[in-house]
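Student: I'm new to this structure and would like a close look at a single part. Could you walk me through the sheet in the second chain?

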Amino acid sequence: MKQRIFPFVMAILIWGMICLFFYAEKAAQNVVAHFQSGDRLVLIFENKVTDEKKLQIEERLQKYSPIQKKWITQKESLEDFKNFFFGNLKDENVLSDVSDSFPEFLEFTIPMGERKLAEAELTKDGYHLQTAFEWSWLLEQAPWLKYIPGIVLLFCFVLAMLLILVFSFILQQKLLSEKIEWEVRDLLGSSSMQIFKPILRHGITYAVITAAVSFFVLSMVLLLIQKATQQWIDPITAEILPEIHWQQSIGLILIALFVGALSSWQAYGSFRRSL
Amino acid sequence: MIELSHLYKTYPGPTHALRNISLQIKQGEFVFLTGPSGAGKTTLFRMITGLDQPTSGKIQILGNEFSNITRKDKALFRRQIGVVFQDFRLIPFRTIFENIELPLKIAGDSKSDIATKVQAALESVGMWEWRDQLPLQLSGGEQQRVAIARALIHSPQLLIADEPTGNVDPSQSNKIIDLFENACALGTTVLIATHDQSLVTRKNKRTLKLEAGSLTETSTQVEASA
């Protein structure tokens, strides 16, 4: 029984890791820093923001009685921006380092009372707001953090390999329990393909069932997280996770098919050698 | 049909299971292979069915030279033979019908053909009524009859049977041998390993005797009128 549950757990873990990876990647594509000073909200974007995106962001923030809005590029007025804004912050060097890395800023001025609401509005579009101080400090303290996505991918890969081994082991156990059938079929003149096909069918079926069960379980978990985050924690998680979840479901099925086929082939080879 | 020359089989130990076996069996012959337990009958059968390789010597059956036979050719060869194993080799989790139809399915026969042939084969051994039972629900003798039906269902060119009458009473034993003789009359070469000396004497067929891995005696059939 444990053997049969293990692949489901493994599949859920792999999928969870993949979701986490895409979550991290998606988050990193958005706002990587924001500064607040008085009634000013300044957002720093990692990449060049398209005109369409700019319009979208401005529309989002328009309803919060803007006093002033201004897109600043590095070339134009980085120095002005720093002089004006960083004067109120203690650790100018840190902010300077961070801001030098990114190409574009939005300086948006709104009344103090509406600033929090504006931030919440942005998070609905999936913009990850993080203070420059936190980000720089974290990177300074633990430079390896930037390797997290890579580590997650590597971990997924290792888990996938383990899953293949577990699939293969279970298939081999199944083959052993039905060994007499394959032996008799072999004795009666079955071709290699006639023996391999039922094994492959079994492997694929088992892999797809595993994928479906893990899909269902993870859906439930993500739904719970979504509900929880919407109410209490962080709206961004609620926005991003389900999107990743659905996007990855087909990928999960494809991975399962691949794993099933590979495991079947390995189990078949092992069975052939045992004859 | 079957040609073995200077066949040796040695297992680690060393145990000499077969020593210098040379024999020829022609198409349509009916041959008994006798000998005490451990004489090498089953080993010889394993060689003939391609389940085991000889240590040295040459095996040629139905035009196939076993020393360089490919997996594909071996599969095709096995479709031309019928084998009754001492332990029957019935698949325990498949019904009698499913066990019997296996050679036909492997050969790619149509469903209607399979249904017709399975019924005929099971009726010939008196097991049609048990078609939906599992092998373990049958007695040893009944399982043996099912195994024989499976070996004969695809009208093989060569039939090899290891102790096919070992678990049945004398009347059933005669019926089984009659089935083999009928198959032989239709052109199937039959090779039967048996301990039953009375059966061998009664049927008066060509007999090979194996003793301690050596073919010590070869007697040819004597005309009944002689």
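Tutor: Here is a walk through the sheet of chain B, followed by a short look at chain A for context. Keep in mind that this is a predicted model.

Let's start with the layout: the sheet is open and has four strands, which run in the order β2-β1-β4-β5 in chain B, with antiparallel pairing. At the edges you'll find β2 (15-25) and β5 (64-65) of chain B; each has a single partner strand, so one side of each is left without a neighbour in the sheet. As for what joins such strands, pairing in a sheet goes through backbone hydrogen bonds, either parallel or antiparallel.

Now zoom in on one pair. In chain B, strand β1 (residues 2-11) is joined to strand β4 (residues 56-61) by five bridges, in the antiparallel sense. You can pick out one spot here: B:Tyr8 sits opposite B:Ser56, which belongs to β4(B). The sheet also has a helix packed on it, namely α1 (residues 41-48) of chain B. This helix touches β1, β2 and β4 of chain B, and its direction makes about 120° with that of β1(B).

For context, chain A has 10 helices and four strands, and 45% of its 275 residues count as buried. On the surface, A:Val208, A:Ile250, A:Ile253, A:Leu254 and A:Leu257 make up a nonpolar patch, with about 410 Å² of accessible area together. Helix α10 (residues 235-274) of chain A gives the largest share of that patch, four residues. A:Leu257 lies in this helix, α10 of chain A, and is partly exposed, at a relative accessible area of 32%.

How values were computed
Residues numbered from 1 in each chain as written. Chains lettered and ligands numbered in written order. Predicted model: local features only at pLDDT ≥ 70, side-chain atom pairs only at ≥ 80, totals over all residues. Heavy atoms only, no water. Pairing = 2+ DSSP bridges. Helix = DSSP H or I, 4+ residues; strand = E, 2+ residues; numbered from the N terminus. Contact = heavy atoms within 4.5 Å. Axes fitted to C-alpha atoms, helices over the stretch in contact; angles between N-to-C directions. Patch = residues over 30% accessible without salt bridge, like charges linked within 9 Å, V, L, I, M, F, W, Y side chains within 5 Å. Areas by Shrake-Rupley, 256 points an atom, 1.4 Å probe, with all protein chains shown as cover. Salt bridge = Lys/Arg side-chain N within 4 Å of Asp/Glu carboxyl O. Buried < 20%, exposed > 50% of the residue type's maximum accessible area, 1.4 Å probe, protein only.
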